[in-house]
Amino acid sequence: VRPAKLRSLGSIALVSALLRFVLPEPVVPKEKDAAPPPVDLGILEGVPLLVLNDESIVEFGDATCFWNDAALLLPHAPKLCVHEKISRDLRTASRSIERVKEACDRLGIRKLRTADLAEHREKIHEERCYESDEWLGAFWTFLKGQEDRRAHLETFASWHVLKVERFGDAADLSYIPLGEAGATFDLHAVDSDWQGDVRHLLTDCRVHVPHAGLLEDNTLLQALVPRGDDKLVSLLAEKLEQLGDHFSARMREAVLKYFAMRRQNSGIVLSTLRKMPLFLRANPTATERSLRSAGEPSVGSRFVPLDLSGVRYYHLYDTKHTKHKHAGNLMQLRLPGCCFLAMDSHQTGFQELYKSLGVYSVDTLTFVTETLPGKLASALGGRESEAEANRVLEELTAWVVDEDELNRKRVADAVKKVAFVPCVDGERRPKPARDLVDADAPVAKAFAADLQHALPEPRFFQAHRKMLKGLGMRSYLRPAELKLCADRLAASVDPLSEETTKQSFWLVEALASNLLFVFNKVDPAKRKPSSDVLAAARGRVLLTTGPPTAEQLQDYVQRKASKQDAVAQPFALSTFAQTLVPACQTRAWSCFPASAHDDAARLFLRRSDDAGKVSVGPTKLSEVVQKHGSDLEKHLSFKTSVPLETMARHLTNLSRAVCASPLDGMYQAYSPLDDEIKCLLDRMDSAVRSPFRPAEGFAFLRAYSDVPCLPQRLDNSDSAIASAASSDAPPYLLHVKLVAPSKVFWSLPTEETAPQEALYKASYLLLTRREIATAMGVREEPGIADWAACTRDVLEASRKEGGDSVLLPAEKAAIIAAAAGIGGTKDRPPSAIEVFLLDDGDSPGLYSSSSLIFADRPSLQRRCASFMEQQQLRFVNNELVRDHGHTLVQHTTLRKLSDLVVEAVAPGATTSLPDEQINDFDRRLAVLIASKEFAGAYVALCNGGKMPQRPLADAMERLSGLEIR
């Protein structure tokens with residue numbers, strides 16, 4: 001058969017009939033299940049009966065061609081495909097199509113292979129064959145018939161054979177490379193309830209959706225196109241990475257919204273979401289802040305993933321019942337290891353998703369009390385961003401200063417133990433606020449150099465003082481700090497500087513505050529100060545007054561006597577055991593160690609020219625003394641009441657200073673000095689009157705009986721004093737003299753007393769203070785020894801005034817009063833005493849009683865005048881012995897003239913006396929014989945005893961001229 005004649009047949013059907021005629025009949029296997037035998041089509045080789053798709057006829061074996069099913073894939077190359085009818089005829093050669101294909105392979109007719117199709121890529125894309133649904137169907141059918149589909153898919157990865165809805169728009173179709181199938185998403189596999197949301201999400205994310213018809217029953221494509229949430233989230237993660245900042249905030253929110261609505265998300269979804277920067281950070285970085293300030297916001301930098309190592313993610317919401325809203329400010333803070341996520345009001349449904357992703361959603365109060373304390377130290381430790389640290393401190397201040405009391409307390413309790421406050425010391429190690437002392441506290445100012453380890457850094461303190469106080473910064477010192485300051489103060493040396501006086505005052509106030517706190521405790525077992533506090537209080541820490549120098553004391557008494565109150569008061573440091581409480585002081589001055597904190601607080605804050613301008617209120621020391629005096633005495637031997645011995649010693653020192661001063665023991669009545677002495681006597685009198693008398697009594701007070709310390713008006717008449725006080729004359733014109741208690745008596749036998757020399761009757765000043773005056777030596781009435789001492793005082797005073805030859809009228813009156821006192825006393829001394837009496841000269845002088853003679857017989861005085869003058873003997877003043885001569889002779893060393901002169905009748909002389917003298921003698925003799933003394937002497941002689949000469953002699957002295965030998 002020639003090809004030219006074959007064409008003349010006129011149709012492919014005639015060629016097909018001729019080919020079927022030539023083909024051998026199919027062999028049927030004898031056995032039922034036997035495989036068909038091979039087919040031998042070698043008869044067709046070289047036979048021109050092979051009709052191609054372009055209806056051309058070629059010889060079998062002349063060229064390679066493909067079966068007719070490849071015609072749809074190669075519409076542009078019909079010469080490469082066997083005509084459909086010829087292909088059908090060849091398949092009739094055997095019941096096994098595989099046997100036919102094997103036989104045809106030897107004739108050059110074979111199945112279309114991937115490589116064969118790949119050679120036509122350019123032509124297919126040029127003619128856009130893939131836009132034909134028929135071609136696409138043939139293409140996918142072709143792929144399904146391939147054994148190694150993955151390798152074939154890689155071959156066709158760049159072929160635009162994937163029909164998609166452009167960005168989720170069903171009306172806008174396009175074709176994309178097969179290799180991009182993984183970047184599409186099978187929207188139609190999503191539940192119809194969620195398809196709308198996913199479509200919007202895919203559209204925003206510019207994700208293609210394969211055409212629904214293309215995917216139907218196309219398992220191969222279905223395996224290539226992602227479907228389900230796991231694939232969707234992976235796809236979105238890739239898109240987010242690709243788009244970067246072009247993946248807008250709204251798109252990121254849409255992603256979170258979809259998965260938040262899904263409620264139940266797989267582990268893959270949650271793991272992938274954590275890695276995606278979808279979460280808006282509430283606390284932007286410093287870089288972002290700078291970009292914002294420059295007007296160049298960065299979208300990508302505002303969103304963070306949740307997989308950063310060592311970082312916890314928080315979403316904060318405001319706590320109920322707080323005074324202020326804190327969430328916004330808290331989430332602006334930059335805290336190490338913390339990332340705050342913003343959540344708008346319409347994103348409240350995201351909370352469950354955030355929780356599933358490991359985001360801590362907590363209220364602001366919980367965050368501040370549980371998380372913030374652990375971040376403070378590291379957040380404030382670095383100085384590279386002081387502004388960021390200040391933001392943290394400002395927010396903390398808002399909590400501990402401006403919030404309600406309950407919230408303040410909860411935050412303070414959580415933060416007060418955190419070490420974040422820089423200190424003054426060189427190492428600048430941060431400490432908790434409760435371990436620091438308020439730098440403005442007076443005690444901290446006074447000991448700033450010693451408390452550097454406990455003082456906050458000045459700049460930090462000034463900026464955040466309210467916060468530190470809210471967190472428990474102390475205005476008091478702890479026991480160890482008190483001891484440190486006490487040791488420092490005890491090392492001070494005299495004279496004390498103004499700084500040291502201030503240190504003492506405020507340290508003692510701090511110690512008193514600590515003691516007050518301890519003693520106020522309800523449990524008695526806990527009312528014991530710590531060992532450090534006791535050690536501090538037992539050191540030299542108290543600023544005390546005195547004792548003053550002699551010059552200071554002289555200056556003091558002169559000023560006080562003339563109503564000048566400004567006095568330069570000396571200070572010293574003493575222990576509590578050596579110190580009296582402030583209430584023990586007199587009005588302004590102490591001549592014994594006494595706490596000066598009530599008065600000295602004013603004194604060292606002022607100068608003499610502005611005295612009284614500064615006033616200090618009640619101190620902690622006075623409070624603890626008032627409330628817990630017994631505890632102070634127990635632990636510190638602190639005197640809470642003035643010992644009577646101390647007051648007596650003070651009165652003595654003050655009085656001696658007055659006597660040694662130019663005042664010579666005298667001062668104006670109603671002057672400050674007078675008030676101070678009376679005030680001191682009042683306190684002493686109260687102590688003596690107290691029912692709690694010491695067992696040993698007050699015998700020690702008698703040691704001060706000879707010290708001029710009791711005030712005595714010079715005019716001892718109470719009526720005179722009352723008259724002067726009520727007159728127009730200034731009361732200070734009345735003068736007061738300090739006298740020794742031994743010279744003051746409650747009553748005197750005579751009212752004749754003389755200033756400075758005589759004994760004194762107690763004035764009304766002492767009548768109101770009778771108990772203390774009596775205890776110090778004021779007696780009911782004087783004795784002979786007192787009057788004798790009075791005469792000695794007059795002698796000493798006269799010698800000071802100008803020798804022993806000149807006596808003042810007052811001194812003479814004092815001697816007369818003393819003689820009268822001796823004569824009228826009932827006191828009987830054991831032996832004669834020496835007194836000083838006046839002689840009977842024209843200008844009476846003062847002589848010892850042993851050098852004077854009492855002229856008991858005037859007749860003898862005239863008769864012995866020449867002899868007395870020769871012996872330089874003096875007669876006592878007649879005024880002194882007028883009424884008490886014999887008593888003076890009896891109790892003093894004064895001698896009688898009759899004892900010194902022996903009168904007798906000369907031998908051979910006669911006595912002629914007048915009758916009147918004889919009668920007088922007889923009368924006296926009769927009196928003598930009738931006296932008790934004579935009867936006693938007579939009885940003694942009758943009994944054989946010795947006659948008692950002295951009583952009889954005394955009785956006989958009354959007889960003129962009669963002497964017994």
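The following exercises, each with a worked solution, concern a predicted model of a protein chain.

**Exercise 1. The chain as a whole**

Task: State how many helices and strands the protein chain has, what share of its residues is buried, and what share of the contacts joins residues at least 24 apart.

Solution. Begin with secondary structure: the chain comprises 46 helices and 27 strands. Turn next to burial: of the 965 residues, 45% are buried. Finally, consider contacts between residues at least 6 apart in sequence: 70% of these join residues at least 24 apart.

**Exercise 2. Helices H26 and H27**

Task: Determine how helix H26 and helix H27 are oriented to each other, and which residues meet.

Solution. Step one is to locate the elements: H26 covers residues 479–490 and H27 covers residues 498–519. Step two concerns geometry: their axes come within 11 Å and cross at roughly 150°. Angles over 145 degrees count as roughly antiparallel, and therefore H26 and H27 are roughly antiparallel to each other. The crossing of H26 and H27 is left-handed.

Step three lists the residues in contact. H26 contributes Pro479, Leu482, Cys485, Ala486 and Leu489. From H27 come Thr500, Gln503, Ser504, Leu507, Ala510, Leu511 and Asn514. Sorted by class, the contact of H26 with H27 has eight nonpolar residues, four polar residues and no charged residues.

**Exercise 3. Helices H9 and H13**

Task: Carry out the analysis for helix H9 (residues 192–204) and helix H13 (residues 249–261), and give the classes of the residues in contact.

Solution. First, the axes of H9 and H13 lie 10 Å apart, and the packing angle is about 155°. That angle makes H9 roughly antiparallel to H13. The crossing of H9 and H13 is left-handed.

Second, identify the residues. On the H9 side they are Trp194, Asp197, Val198, Leu201 and Asp204. On the H13 side they are Arg250, Met251, Ala254, Val255, Tyr258 and Met261. Third, classify them: the contact of H9 with H13 has eight nonpolar residues, no polar residues and three charged residues.

**Exercise 4. Cysteines and disulfides**

Task: Establish how many disulfides the structure holds, and examine Cys104 and Cys659.

Solution. A disulfide is a covalent bond between the sulfur atoms of two cysteines. The criterion applied here is a pair of cysteine sulfur atoms within 2.5 Å. By this criterion the structure holds zero disulfides.

For Cys104, the nearest cysteine sulfur belongs to Cys65 and is 8.8 Å away, and Cys104 is in no disulfide. Cys104 is buried, with a relative accessible area of 0%.

For Cys659, the nearest cysteine sulfur belongs to Cys709, at 9.0 Å, and Cys659 is likewise in no disulfide. Cys659 is partly exposed, its relative accessible area being 25%.

**Exercise 5. Positive phi values**

Task: For Arg128 and Asp664, give the phi value, the location and the exposure.

Solution. Take Arg128 first. Its phi is positive, about 50°, although Arg128 is not a glycine. Arg128 is in the loop between helix H6 (121–126) and helix H7 (133–144). With a relative accessible area of 42%, Arg128 is partly exposed.

Take Asp664 second. Phi of Asp664 is near 55°, again a positive value in a residue other than glycine. Asp664 is in the loop between helix H32 (644–660) and strand S18 (666–668). Exposed means over 50% relative accessible area, so Asp664, at 54% relative accessibility, counts as exposed.

**Exercise 6. Surroundings of three buried residues**

Task: Describe where Phe279, His635 and Pro48 lie and what is known of their surroundings.

Solution. Phe279 lies in strand S8 (residues 279–280) and is buried, with a relative accessible area of 0%. Leaving aside neighbours within four places in sequence, the contacts of Phe279 include Leu256, Leu273, Phe303, Val304, Tyr354 and Leu357. Phe279 and Ala249 are 30 residues apart in sequence, while their C-alpha atoms are 9.3 Å apart.

His635 lies in helix H31 (residues 620–636). At 14% relative accessibility, His635 counts as buried, because the cut-off for buried is under 20%. Beyond neighbours within four places in sequence, His635 is in contact with Phe519, Arg527, Lys528, Pro529, Leu534 and Arg538.

Pro48 is in the loop between helix H2 (12–22) and strand S1 (50–51). Its relative accessibility is 5%, so Pro48 counts as buried. Pro48 and Gly61 are 13 residues apart in sequence and 9.4 Å apart in space, C-alpha to C-alpha.

Key:
Residues numbered from 1 in each chain as written. Predicted model: local features only at pLDDT ≥ 70, side-chain atom pairs only at ≥ 80, totals over all residues. Heavy atoms only, no water. Axes fitted to C-alpha atoms, helices over the stretch in contact; angles between N-to-C directions. Helix = DSSP H or I, 4+ residues; strand = E, 2+ residues; numbered from the N terminus. Parallel < 35°, antiparallel > 145°, perpendicular 65-115°, else oblique. Left-handed = near helix turned anticlockwise from the far one by under 90°. Contact = heavy atoms within 4.5 Å. Nonpolar A, V, L, I, M, F, W, Y, C, P; charged D, E, K, R; others polar. Buried < 20%, exposed > 50% of the residue type's maximum accessible area, 1.4 Å probe, protein only.
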